[in-house]
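Biologist: Hello! I am new to this structure and would love a close look at one part of it. Could you take me to the metal site and then show me some of the surroundings?

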Amino acid sequence: MKRKLILLLAITCSCFSIFAQGSKELTISNPILTNKNAKNVILLIGDGMSIAQIATTDAFLGASENTYDKHLNFENFKNQGLTTTYAQDRLITDSAAAGTALATGSKTYCGGISVDINKNNLKTILEYAQDLNKSTGIVTSTRVTHATPAVFLANNIDRDAENEIAVDEAYSNVTFLAGGGYRNFISPNNSYNLKSKRTDDRDLIVEMEKMGYISFIGENDTTKFLNYNPKKDDKIVGLFAASHLDYAIDKANQPTLSQMTSKAIETLSQDNDGFFLMVEGGRIDHACHANDAVSAIEDTLAFEEAVQVAIDFYNENPNDTLIIVTGDHETGGLTLGFAATAYESAYNQLQNQKISYERYGIDYFNKYKKSHDLSNCSVNDLIGDLDYYFGLNNLSQDEIISLDDALKRSIAGEIIKGSQINDYLLYGGYEPFIMEITHILNKRAGVAFTSYSHTAVPVGTFALGVSSEKVNGMFDNTDIFNIIYDAMFANN
Ligand SMILES: [Zn+2]
């Protein structure tokens with residue numbers, strides 16, 4: 001409704017500018033007064049990325065160059081604002097409600113995938129782009145059925161109905177879809193011999209191929225995907241992991257976020273009508289849930305690389321391209337500083353971590369756990385790991401005591417899901433020993449997390465190109481939809 005009103009006002013004011021200047025509504029909807037339209041729109045969303053995630057990454061980079069004046073590329077965009085993220089039913093949103101706000105301009109309840117509070121389907125910005133005959137693309141480092149990508153391509157009352165969401169996505173007519181999550185697409189009896197989570201025997205990749213898609217499934221297809229030269233009118237689906245893609249720090253044999261973004265732009269930019277592309281750095285959120293600062297930083301840097309690909313495209317097409325960079329919410333209650341380190345910071349302490357908390361668990365700690373019990377486990381066995389994988393050496397007596405306690409809890413399989421509040425506060429439901437490692441690193445660096453969940457801290461929004469001047473001041477996440485909608489439809 002609001003959208004139609006704004007559009008109407010725009011038409012009114014461009015035709016009757018004297019009348020329009022006297023109207024109060026016009027002052028509010030002033031952003032519409034542009035003559036240019038954005039033929040190409042690239043929306044980049046850092047999941048869980050607020051100002052603290054960005055500033056921590058800046059400080060991390062600055063530590064190696066001995067400067068406090070280091071910034072990510074998008075921090076230099078001239079047009080910036082602060083964005084509120086609340087859901088319809090909760091101050092602290094989830095990615096489904098936050099994504100729905102960005103994709104449809106409507107607030108909804110947590111868990112809703114582009115449906116309103118009454119569970120009616122909402123039309124998404126990607127569908128509006130399709131109305132304009134634009135090509136469309138979704139790129140993410142999570143499962144493509146995860147909330148943020150899903151809100152652009154699917155409607156569902158429940159974010160967890162990922163098999164249903166996959167069907168919507170397969171039939172969304174999206175031009176380019178890349179990320180993780182083939183398990184919700186391929187049938188249990190698939191020819192790739194890969195893991196499926198489907199409960200029917202449909203194979204959505206086979207169905208998509210019948211609709212003309214070129215598919216790349218599993219890590220084994222990574223090279224083929226990277227070497228593929230997209231042609232005009234190609235439709236591409238690339239799913240490189242059963243679930244989420246690996247953390248950037250773990251450098252798997254999967255395309256990076258920037259490589260996928262680059263391939264997407266190569267494909268979509270061949271459309272003379274232009275394109276809409278959403279790119280999600282989806283695992284900043286997961287690393288922050290687990291309070292793993294370094295993995296969050298490395299995924300933020302991978303996200304920045306993807307933004308650079310968008311900037312490079314903009315530089316060749318500055319007159320008809322809009323880039324918006326934002327976060328969907330903050331995760332972890334991350335901040336730069338905490339009580340024990342007071343005014344001190346030591347980000348160089350973070351620079352020797354080589355793998356994520358997740359990879360350390362899967363590849364190393366789980367094996368130790370299986371081969372030890374309470375009678376023979378010892379922190380001494382793992383001191384080499386702590387040094388090599390996390391750069392943690394010269395452990396203090398206090399650090400050894402807390403690691404020893406956490407190790408015993410891990411080995412005993414004790415309360416990992418945190419039935420007792422104190423355990424939850426200590427480890428958030430994650431593996432106690434690995435959490436203790438990252439906690440020690442954070443404490444040494446002077447980084448702190450206050451939560452294992454999201455927070456309601458506003459996020460930063462950064463914009464470049466056509467209509468980017470509308471990204472200014474403080475506004476709500478639903479306004480980002482309106483800015484993109486207006487930019488695409490100006491003069492249409
Ligand atoms: Zn989250």
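Modeller: Here is a walk that starts at the metal site and then visits a few other places in the chain. Please keep in mind that this is a predicted model.

Let us begin with the zinc ion. Its protein donors are His-289 (NE2), His-454 (NE2) and Asp-285, with Asp-285 (OD) listed twice. These donors lie 2.1 to 2.4 Å from the zinc ion. Along the chain, the donors follow the spacing D-x3-H-x164-H. What angles do the four donor atoms subtend around the zinc ion? They run from 57 to 153°, and therefore the arrangement is irregular. For a tetrahedral label, all angles would have to lie between 85 and 135 degrees.

Two of the residues named there share an element: Asp-285 and His-289 both sit in helix 12, which covers residues 283–289. Four residues separate Asp-285 from His-289, about one turn of the helix. Are Asp-285 and His-289 buried or exposed? Asp-285 has 4% relative accessibility, so it counts as buried. His-289 is also buried, because its relative accessibility is 18%, and the cut-off for buried is under 20%.

It helps to see how the whole chain is divided. The domain assignment gives domain 1 (1–33), domain 2 (37–332 + 454–489) and domain 3 (335–448). Between the C-alpha centres of domain 1 and domain 2 there are 31 Å.

Next, the cysteines. How many disulfides does a search of the whole structure find? The search finds zero. Cys-110, for example, is in no disulfide, and the nearest cysteine sulfur, that of Cys-288, is 18 Å away. Cys-110 has a relative accessible area of 18%, so it is buried. Cys-377 counts as buried too, because its relative accessibility is 12%.

Now to some loops, starting with Thr-124. This residue lies in the loop between helix 5 (95–104) and helix 6 (125–131). Thr-124 counts as buried because its relative accessibility is 1%. Its side chain reaches the backbone oxygen of Phe-152 at 3.0 Å. Leaving aside residues up to four places away in sequence, Thr-124 touches Ala-103, Thr-104, Ser-114, Val-151 and Phe-152.

Asp-158 belongs to another loop, the one between helix 7 (147–153) and helix 8 (162–170). Asp-158 has a relative accessible area of 34%, so it is partly exposed. A polar atom of the Asp-158 side chain lies 2.9 Å from the backbone nitrogen of Asp-160. Not counting residues up to four places away in sequence, Asp-158 touches Gly-111, Ile-113 and Ile-165.

Our last stop is Tyr-171, in the loop between helix 8 and strand 4 (176–180). With a relative accessible area of 43%, Tyr-171 is partly exposed. Which side chain makes a polar contact with the side chain of Tyr-171? That of Glu-207 does, at 2.5 Å. Again not counting residues up to four places away in sequence, Tyr-171 touches Arg-202, Glu-207 and Met-211. Tyr-171 and Met-208 are 37 residues apart in sequence, while their C-alpha atoms are 7.7 Å apart in space. As for Asp-158 and Met-211, they are 53 residues apart along the chain, and 27 Å separates their C-alpha atoms.

Definitions and conventions:
Residues are numbered from 1 along each chain as its sequence is written. This is a predicted model: local features need pLDDT of at least 70, side-chain atom pairs count only at pLDDT 80 or more; totals for chains, interfaces and linings use all residues. Side-chain values use heavy atoms; hydrogens and water are left out. Donors are N, O and S atoms within 2.8 Å of the metal (3.2 Å for Na, K and Ca); water is not among the atoms, so sites may look incomplete. Four donors count as tetrahedral if all angles lie between 85 and 135 degrees; four count as square planar and six as octahedral if opposite donors are over 155 degrees apart and all others between 65 and 115; anything else is irregular. Buried means under 20% relative accessible area, exposed over 50%, partly exposed in between (1.4 Å probe, protein chains only). Contact means heavy atoms within 4.5 Å. A polar contact is a pair of N or O atoms within 3.5 Å; within protein, one must be able to donate a hydrogen and the other to accept it, and residues adjacent in sequence count only if both atoms are side-chain atoms. A disulfide is a pair of cysteine sulfur atoms within 2.5 Å. Domain bounds come from an automatic or database domain assignment.
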